[in-house]
Amino acid sequence: MSLIIDVGMRISLILGLLTGLSVVVLSLVWVERKFLGRIQMRMGPMVVGPYGLLQPVADAIKLVAKEDLLSPWVDRIVYWVAPLAVFIPSFMIWVTIPISRDIVIRNMDMGLFYIIAFSVLSIVGLVAAGWASSNKYAVLGGFRAAAQLISYEIPLIMAVLGVAMLAQSLNLQEIVNQQDTYVYALVQPLGLLIFFIAGLAEIGRTPFDIHPAESEVVGGPFVEYSGAHWSIFFLAEYINTFAIAALTVLLFLGGWLLPGLSGGAITTVGIFVFFAKTYLVILVIFWFRGTYPRLRIDQLMSFGWKMLVPLSFINIILTGCYMFYGWPAWLMSIISVTILVSVFWLVSKRMNNTKKEYTVHIYKPESSEVKNAG
Amino acid sequence: MVDQDINKKLDTVQMMVNMGPQHPSTHGVFRMVLAVDGERIVDVEPHIGYLHRGSEKLCEGEIYVQIVTLFDRLDYLSNLNNEMVFCRAVEKLMDLEVPERAEYIRVILCELNRVASHLLFIGTFGLDVGAMTPSMYMFRDREKIQSLFEAVTGARMMHNYIRIGGIKNDVPEDFDQRMRSLIVELKKGLEEADKLLSFNEIFLARTKNIGTMSAKMAIEYGVSGPSLRASGVPIDIRKDHPYSIYDRFDFGIPIGEVGDCWDRYYVRLEEVRQSISIMEQALDQLPDGDTITPTRFLLRPPKGEVYVRGENPRGEIGVYMISDGTDKPYRVKVRPPSFCNLMTIKDLLIDTYIADAVVILGSLDIVLGEVDR
Amino acid sequence: MLGNLKGLLVTLSTMLRKPVTYQYPKEHKPIESRYMGFPVLMWDSQISEPYCTGCMVCVRYCPTQCMTAVMKDNPLHAEGVSKRRKIVDSFEINFGRCIVCGICVDVCNFDAIEMSHEHELSKYARNDNRSDLTRLLEMGRNYQEETGWEPKTNAKESEGEASS
Amino acid sequence: MAEKDKAEEAIESPNRLDAKSIALQTILPSTLSDFEVAIDTEFDLLVATVTPEDLKPMCLVLRDNNETTFDYLLLLCVVDYEDYLQVVYHLYSTTLKHTLVIKTNVSPEEPSLDSVTSVWKGADWYEREAHDLFGVLFSGHPSLSPLLLYEGFEGFPGRRSYEMPEYKEW
């Protein structure tokens, strides 16, 4: 009897998580479309429901009801398994991501390790999807995804490591609780930036949306998928986006903590604080999407290996020094900010040196005078 | 170099990727068969002709007035420029004077059309590079231009407004005022695109030194228009062989330095500014008077042949027309600017990445309606 | 790096502005008065007959050959009400072929055909937009009511046939 | 009718050439002394008519001579005069900014001509198009595969003798 209750509990938990995540994804879709619309001076969805609020639901129904087209050359087993291989890891990491104090399915001591380990798995799904589709664009996209995700895994892990060192724990509850005096973003702005950029690349969002790049490989690994199977990829993508935003909040922005908030209220109010912070981070991701062009794969790789990896090592060394010598926190943040600013400065200086190239001359034959107009 | 040695030792297999005709960024129905080695393009085989309607052959069976509608549909983003060059060809053949006012209105509208075309280019180029917002901004501004076209010519794209001997009818009364407010808005919108895209580091990384076309190569291939000028060759028909009334305006020709994608992009952006200045000057000088020299509807130009050149947004358009004295031309041949510009694609693409292929193709700004005719 | 930040600022500032789009099926962008929609036939309400005499000049000059017309003797002329000796019997325009060039209006000697403001003519089948005389005249009447259209020139009355 | 008379008069009046073309007209006979050339004017165009054999060497001379420097091919066009096909080349000089039209006649039965792709690369697609639509064979062209038409298209639709498929109302 207790076994049945136990299994029932577990199943309902999984279903609850699934429902919750689906609701979050639907809201994200709406927020993204609305936000992008406003950036582009459009209104975004307006027809279904008030302010188009039900548009994602309509989309979901459409996707599920859509015919699943299957090209005759696909490798069927791999083709059907690939969406799950992408979706399950992104779903599994939510087991240990807390949304408020003690509101978590399973609080693991190795939580961060677990999350990192699981999120890497989705590469397999992407490559498998690309390979099984028997489509050249899909293959290209799949390999792009593999290269991109593997190389950005390293700075991501390194940035997380800095936080783990500071908190002396891999437990997310613990990490957040450690931030009650100051959030780690203040101590490690460098780490935050590395984590955020690498995270963007991990979830394949602009400016790193190289594997699904619509204008080049027409959707990459997902090009042959349609209907419900495509929507699983879609779901996974948005869950990952949400996860990266949530991790940014938990690791660097103090999770559910808010100055002036203490005592028993934390648990309940914390949920709202956590979601507010997460949605803010997500808005920044969408803002980037509305602004930036896409990098090329080789530029992405050189940016990852030549900039982010060294920077993340510097970050770890810095954190180590901070821990070992017991520097005051403000010194750490000053050093971190200095490094950040100097990197910015160096890059823009390099840009400025070649800035002369970036002009076009206005040529006037009569007076044959050439004036700059850059 | 080390990289190349490794590449030689590795036994890689080339993959043929069929890009187009149904690909989001081949700008119409253009198809390239790319032989790729990983992400690197080894060989390109361009295929055109999916939109071949035999326009030139059709011209042989239609009377002169009807041909204007065919020219509208060649380069469907710069209709007025096309109409103008055909009408100039017939006028030259018939030795027809065009009233002053009609010339001015033609120039204003053609420049406006050029601006609209370049704005669309900036937007779609942004899309090719992966930025989705510039296209929306540019469509917003282009929409204003098209509204004005609608008010003047009655149509948003296929105008049939420039007629042999002048223009269809005079501009509406509030034209001047609407133009001036439009110019202000266009300037603002252009600045926005400039700030958003032109000097964005990612955009620069994607376009700078990509698809470099040397001046020599450009001339050999007969590339014209902004793509030629981006390579540093200052040839602009409006300046070198001024037609209509272009010799009355003070404007410059934007010249690029290296001829890469960024230059081709920025030359066009700068050209919009020059066009705006032309429009402002033309509006100030706009005289009163007739708008059309009346001709018979069924024109019978004398025997002879003409070649008329004009500067389209995409390059130099030429119309070679042979008349045999009847009401239909004996032969009409168009020099399509995109056709010549597209010829370079094979040389430009080899040894670049797939992502660059899209950017390079976008930077050439082709219109397949004109390439295939 | 500055370019990136500038771009972010641009998008942020446009986000705060008003959208420029129209909610299409509910709101329509206003049509300019010169807008050339599909060609329709005009109705002479004084005599209550169409202006069109079926002279076929538009049919001949149409670049896409999208129209056909048939002419008949005008019964009202026999009664002495109308000055038109001939009148249109049937007229068909295939809007699926029409390219809205306006040449038919230019060549018409009787102000009988006019570019209306009709442009939203989506139909489910390919040939649903073949419009016969009644539909064309109905669309024409709508246009006349909408714009208060007046014939530009006094048509060459009494002459039932056109001289091309 | 008045305008027609006026236009005919205009043709009679000999010189509509601009200064650059006149200058070119004076130097052309000496530059092209090796070839059989008939130099003529047509409206404001300077037309040189040559035999098909002379065409390519003459193009090379015109391109490389310092006084002509025709480095830019504007247009290659085939005109079907039913009893012969005329291939028309419009040349332009990007430095001296003058234009020249070269015409050469080939027979419609076996139209064959030297390719000028080695002189101007830009002739490539033009020649393929001419091959597609008029069946002119350009010897020396790298590949004359169909450009505008599909593989295996029968006939030469550009020619006047080509019978168009009958018009059908769909």
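**Entry 1: a helix over a sheet in chain B**

I began with helix α4 of chain B, residues 79–94, and noted that this helix lies across β7 and β8 of chain B, running at about 150 degrees to β7(B). I keep in mind throughout that this is a predicted model.

I then looked up the sheet beneath that heading, and found an open sheet of 3 strands in chain B with the order β7-β8-β9 and antiparallel pairing. The edge strands are β7 (304–312) and β9 (329–335) of chain B, each of which pairs on one side only. From one strand to the next I read an average twist of 15 degrees.

**Entry 2: the pairing of β7(B) with β8(B)**

I followed β7(B) to its partner β8 of chain B, residues 315–323, and recorded antiparallel pairing over 9 bridges. To fix the register for myself, I looked for the residue that B:Glu305 faces, and found B:Ile322 in β8(B) standing opposite.

**Entry 3: two domains in chain A**

I turned to chain A, which is divided into domain 1 (1–65) and domain 2 (71–325). Taken over C-alpha atoms, the centres of domain 1 and domain 2 of chain A are separated by 20 Å.

I next asked how many residues bring these domains of chain A into contact, and noted 15 residues of domain 1 against 17 residues of domain 2. On the domain 1 side that touches domain 2, the elements giving two or more residues are α1 (2–39) and α2 (55–65) of chain A, and the largest share, 11 residues, comes from α1(A). By class, I listed that side of domain 1 of chain A as 13 nonpolar, 1 polar and 1 charged residues.

Key:
Residues numbered from 1 in each chain as written. Chains lettered and ligands numbered in written order. Predicted model: local features only at pLDDT ≥ 70, side-chain atom pairs only at ≥ 80, totals over all residues. Pairing = 2+ DSSP bridges. Helix = DSSP H or I, 4+ residues; strand = E, 2+ residues; numbered from the N terminus. Axes fitted to C-alpha atoms, helices over the stretch in contact; angles between N-to-C directions. Contact = placed C-beta atoms within 7 Å. Domains from an automatic or database assignment. Nonpolar A, V, L, I, M, F, W, Y, C, P; charged D, E, K, R; others polar.
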